[in-house]
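Student: I have a model open and want to go through it piece by piece. Can we start with a single residue and work outwards?
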Amino acid sequence: MAKSPRTSKATAKKAPAKEPATKKPKAAEAVATDGDFVLHSLQDAHEKNPRYDASVEEMMEFYEQMLLIRRFEEKAGQLYGLGLIGGFCHLYVGQEAVAIGLQSALDKDKDSVITGYRDHGHMLAYGIDPNVIMAELTGRQAGISKGKGGSMHMFSTEHKFYGGHGIVGAQVALGGGLALAHQYSEDGGFCLAYFGDGAANQGQVYETFNMAALWNLPIVFVIENNGYAMGTAVTRSSAETEFYRRGTAFRIPGMDVNGMDVLAVRAAAEVAFDHVRSGKGPVLMELNTYRYRGHSMSDPAKYRTREEVQEQRDHHDPIEAIKKALMENGKTEDELKSIDKAIRSRVADSADFAENSPEPEAAELYTDVLVEEY
C-alpha cells in the first residue's frame, strides 16, 4: 500500500551497540517467548486487506460526508474573513478521510471520541447538525456549546464527543480517562483519541501510553500526521518521524495508514477496533494526511510552496478519489454535481442560521462553569 507522500527523512549511521554480558534472545526466539510479534500483527493484517470493500451506497455516504466537511470548512473560512468568526479557527480541509473513515466504524451508542482544536470535521462526521456547529463558530446562543466554546471547544455529551481541546496533547490524557471509564463501567465501548504530529512530542502523551498499556485500557490513539504541526515540518521537530512506532516501548501495536484514502482508513479501523473490542488493549494509528490550509486562519503557510499543496490536491485528494471510484461504479458526473450543489445549499443555510441567531445573554457567562451550584 502506498503511503501519502511526506518529506524525505535524513538517516544517520549509529555505532554498533556494545554486546551485553548476557545475550538477549534473537528475534525469532523473542517472538516465541514474549509476544513481541503482536506489535506488528495489526499492520500485517491491514496490509493483507488494505482497502475496505465498500458498497456503492457506502461510498456515496462517504462522499457526501467528506464533501459536507469540505464545503462547511470553506464557508467557515469565508465567515472568518468577514469577521463573523473570531479568535482561533483551524480548518480540516484535506483531512476529511480520517474522521469519516474512522468514525463510520464506531458504535455510536458505546464509543467515545476526543480530539484537539481542529474539531469541526469530527463533529460533522458524527452527523451533528451543521447549524449548531456554525452557530458555535460564530459565538451564538444556538451553538452546541451555547456560543462559549467557539471553534476550539465543542462538546456533545449526547454523542459521546468530549471536545475540542486547546491545550496541545491534553486530550490524550483525558482520552485515557474516558477509556478507564469504559473499562470500569464495562459498557463495551472504547475511546478514540485524536492528536497531531506536533502533540506527539508532548510528555503527557507517553504517560498516557504507559498507563493505557499497563491497565489494558480500551483506547485507540490516532495521530493525524499532516506533516507540519503548526508550521514546522516533522523532519525538523521529530527524531522519529514514523509515528506509528512511538508505542513500541510500551508494547502498543502500531498501524501506518494512508489518511488520504477513506477506504484505506476504514479498512484499518476495522482491524484496530476489533483488536481493542476483544480486550487486547490499546492501539496506536498513524494517519498520514495533509491540510490544504494553514495551521489556523491566521497562518499564511509560507513554510511550504504552493506547488507542494497543489500536488497534494491534484494527486491525493480524498474526495476526488472516492468520486472517481463512484464514477467507475456507474455514478454520473451530473449525479455527483447535484449532490455537491445540495450540500453547498445546506452549508449556506447553516451560515444564514448562525448569522440570524442571537448572541448569548450576559447571564450565560455564569452557567456551566462548575458541575454543581455553590
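Tutor: This is a predicted model. Start with I128, which is found in the loop between α5 (120-125) and α6 (130-137).

Student: Is I128 buried or exposed?

Tutor: I128 is buried: its relative accessible area is 4%, and the cut-off for buried is under 20%.

Student: How far is I128 from I144, in sequence and in space?

Tutor: They are 16 residues apart in sequence, and their C-alpha atoms are 9.4 Å apart in space.

Student: Switching to strands. How many residues of β3 are buried?

Tutor: Seven of the seven residues in strand β3 (residues 219-225) are buried, so the strand is mostly covered by the definition of buried as under 20% relative accessible area.

Student: Which residues point which way from β3?

Tutor: I219, F221, I223 and N225 point one way, while V220, V222 and E224 point the other way. Residues on both sides are buried, E224 and N225 included. In a regular strand, side chains alternate between the two faces of the sheet.

Student: In what sense do β2 and β3 pair, and over how many bridges?

Tutor: β2 and β3 pair in the parallel sense, over six bridges. As an example, L192 has V220 in β3 as its bridge partner.

Student: OK, pockets. How much space lies in the largest pocket?

Tutor: The largest pocket holds about 360 Å³ of space. It is lined by 21 residues, and the closest to its centre are Y117, F195, G196, A199 and H295.

Student: Which strand gives the most to that lining?

Tutor: Strand β2 (residues 191-196) gives the most, with three residues.

Student: And what classes of residue make up the lining?

Tutor: Eight are nonpolar, ten are polar and three are charged.

Student: F195 came up there. Which aromatic cluster does F195 belong to?

Tutor: F195 forms one aromatic cluster with Y206, F209, F221 and F250. F221 is also one of the buried residues of β3.

Student: How many aromatic pairs are there in the whole structure?

Tutor: A search of the whole structure finds nine aromatic pairs. In one of them, Y290 and Y292, the ring centres are 6.4 Å apart and the planes are at 50°, so the pair is tilted.

Student: Are Y290 and Y292 buried or exposed?

Tutor: Both Y290 and Y292 are buried.

Student: Last one: what sits over the ring of Y52?

Tutor: The charged end of R266 does, 4.5 Å from the centre of the Y52 ring.

Definitions and conventions:
Residues numbered from 1 in each chain as written. Predicted model: local features only at pLDDT ≥ 70, side-chain atom pairs only at ≥ 80, totals over all residues. Heavy atoms only, no water. Phe/Tyr/Trp six-rings, centres within 6.5 Å; stacked < 30°, edge-to-face > 60°. Buried < 20%, exposed > 50% of the residue type's maximum accessible area, 1.4 Å probe, protein only. Lys NZ or Arg CZ within 6 Å of the ring centre and 35° of its normal. 1 Å grid on protein atoms, 1.4 Å probe; cavity = no way out; pocket = protein on both sides within 12 Å on 5 of 7 lines; lining within 4 Å. Points joined across faces, edges and corners; volume = space filled by probe spheres on them. Helix = DSSP H or I, 4+ residues; strand = E, 2+ residues; numbered from the N terminus. Nonpolar A, V, L, I, M, F, W, Y, C, P; charged D, E, K, R; others polar. Pairing = 2+ DSSP bridges.
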